[in-house]
Amino acid sequence: MPTALSSTDAAVTPYLTPGRVAAARRAFQDVAILFRFRAQAVRRRHLTRTLSISFTVITLAIAIVPAYLPGAAGAGKAFDIFLLIPSAMAGVLVLNMSSAIASGGGRELISRDQASPYPISPTTDHLGALVLAPLNIAWMIQAWVLLGSMSYSLGSGKLFQAQVVMVLWLVFSTAIGQVIAWSMEAVRRSRFGIAITRGLLVLIGLAAGVVQLTHNSLHLLDRIPTIGVFHGAVDGWSVRWLLTVLGLVAAGLVCVVLGAIPAHVAARRMPRDEARMETDQHEPRPPARTVLGTLVRGDRASVWRSVPMRRGMMVLAIGPGLVAIFGNLPWPSMTILPGLVASGGALLFGVNAWCLDGRGALWRENLPVAPTVIFDARTYVLAEFLASASLLTIAIGALRAGVPNAQEFSALVCTLLVVLLQVVGASMRWSLAHPYPVDLRSARATPAPPAAMVGYSARLALCTTVTSLFFSGLAHVPDWRASVMLAVPCLIWSGVRLVRTRRRWEDPLPRALVVTTTAA
């Protein structure tokens, strides 16, 4: 039996302590303590406050301003958006579930190594992951799209009531996504969990394929449960609206409570994916012919043998590809995908690329190798990782897009090259300027603190989206050379900035800061 309230047994099985309410109250208190702990470790706190204020102002503007724009609540484009909102609500739910499942239950409030000496319960971990969910640019963008669409399509008449329901839907979809994610993680950690998980994913993919091939997508979308919630949102001050609000509040609270149960089950089981990757034996290969090739092999193995990298790449590559198939995206619209995938891939490790070395950074610096060769190897592996994910997405989307013409193919290739060099250059620049000590062995780890990740993701998303939109427009220009003419100066500019970063890496002072930080 536990000897104290702070014993590790009490942390893993709080149901054995007197009073589950007291255990839940302690979990909420622990979340607040951990947030204060993380806040004390933030280097630039003024940026965190600025980001918080900016997020609030942008959200309010997106939720209100579109209702007063010309054409709002009209019979044209606004009505078309109005009809698509239930599908968008379902998409928010699916994205929340898939992102949480890929990260093994959501993001960590505190890393596994830092939490090991402390009695942090799985309930605390679950609540922390829920609170961290909005600190993700993908979550923010889908929330802004949903709120802005509702505002523009409905107008100012019943805006407040509708947006209240939309906010509650975002909370509910995040909470139920967390429940599904913890449940999948508990299954994944069981004896045959990996095979069961992969089998479920294959069945879901086959079912989606059957629905698409039988042309039942529209029929299925007409019957999704979000339609009832949507009707309650636009009903104004009525009994139906009140019941919708109460139902979402109750369902959200139930999901928050239920999520702790599979979180405790998962905490009692060994993470099989991570344990298998750390204990696998690999046959030695013949030595590479060059020093650069040897370093590339080591860096490539550190990436592809990492559980979060492999899971993240599959989600990033397959998810947008399936959206392109089911949305029947034409080639000009598919120029958005390389930037989206490259930005997401950089957030897996690229924005803090040197954290992959950990304590091995000290060993690496003792090698009789020029610093620029080490920089070139890491840059090449990052570009290879992002290019592989982007090409897989394009290959999946091409299954239904048909054969592109010359200008469409030119626009897509130029977009891929430009956004890859942009993202790689920005990632290596940020990795040198702002290193963080992070252990990426856990599937739930992120390469930087949550506030920094929001800033990185916002800047990457803005840069790559603007670039992709330019090339999407050039895909309609009859001459394929138009895309090349725009791509050449963009490649030169990004290449020059990458070369400057490479030169700064030769300076031993900033390099020593990176090494000592990542090896901490």
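# Salt bridges and a nonpolar surface patch

R502 is partly exposed, its relative accessible area being 31%. The model in which this residue is seen is predicted. Side chains of opposite charge can pair when their charged atoms come close. Here the side chain of R502 meets that of D376 in a salt bridge, with an N to O distance of 2.8 Å. Because R502 belongs to helix α22 (residues 481-505) and D376 to helix α19, this pair ties together parts of the chain that are 126 residues apart in sequence. D376 has a relative accessibility of 26% and therefore also counts as partly exposed, since that class lies between the limits of 20% and 50%.

Beyond this pair, salt bridges with shared partners connect D299, D357, R364, E365, R378 and R511 in one network. Two members of the network, D299 and R378, pair with each other through their side chains at 2.9 Å, N to O. This contact, too, links distant parts of the chain: D299 is located in helix α15 (residues 291-304) and R378 in helix α19 (residues 371-401), with their positions 79 residues apart in sequence. Is D299 buried or exposed? Its relative accessibility is 11%, so D299 counts as buried, the limit for that class being under 20%. R378 is likewise buried, with a relative accessible area of 1%. Helix α19 thus carries both R378 and D376.

A local arrangement is found in helix α8 (residues 159-188), which holds both E185 and R188. These two residues are three positions apart, about one turn of the helix, and their side chains form a salt bridge with an N to O distance of 2.4 Å. Both E185 and R188 are buried. In total, the structure holds eleven salt bridges.

Helix α8 also contains V187, which leads from the charged pairs to the nonpolar surface. V187 has a relative accessible area of 30% and so is partly exposed. On the surface, V187 joins F192, I196, L200, V202, L203 and L206 in a nonpolar patch. Together, these residues present about 630 Å² of accessible area. Which helix gives the most to the nonpolar patch? That helix is α9 (residues 193-213), with five residues.

Technical notes. Residues numbered from 1 in each chain as written. Predicted model: local features only at pLDDT ≥ 70, side-chain atom pairs only at ≥ 80, totals over all residues. Heavy atoms only, no water. Salt bridge = Lys/Arg side-chain N within 4 Å of Asp/Glu carboxyl O. Helix = DSSP H or I, 4+ residues; strand = E, 2+ residues; numbered from the N terminus. Buried < 20%, exposed > 50% of the residue type's maximum accessible area, 1.4 Å probe, protein only. Patch = residues over 30% accessible without salt bridge, like charges linked within 9 Å, V, L, I, M, F, W, Y side chains within 5 Å. Areas by Shrake-Rupley, 256 points an atom, 1.4 Å probe, with all protein chains shown as cover.
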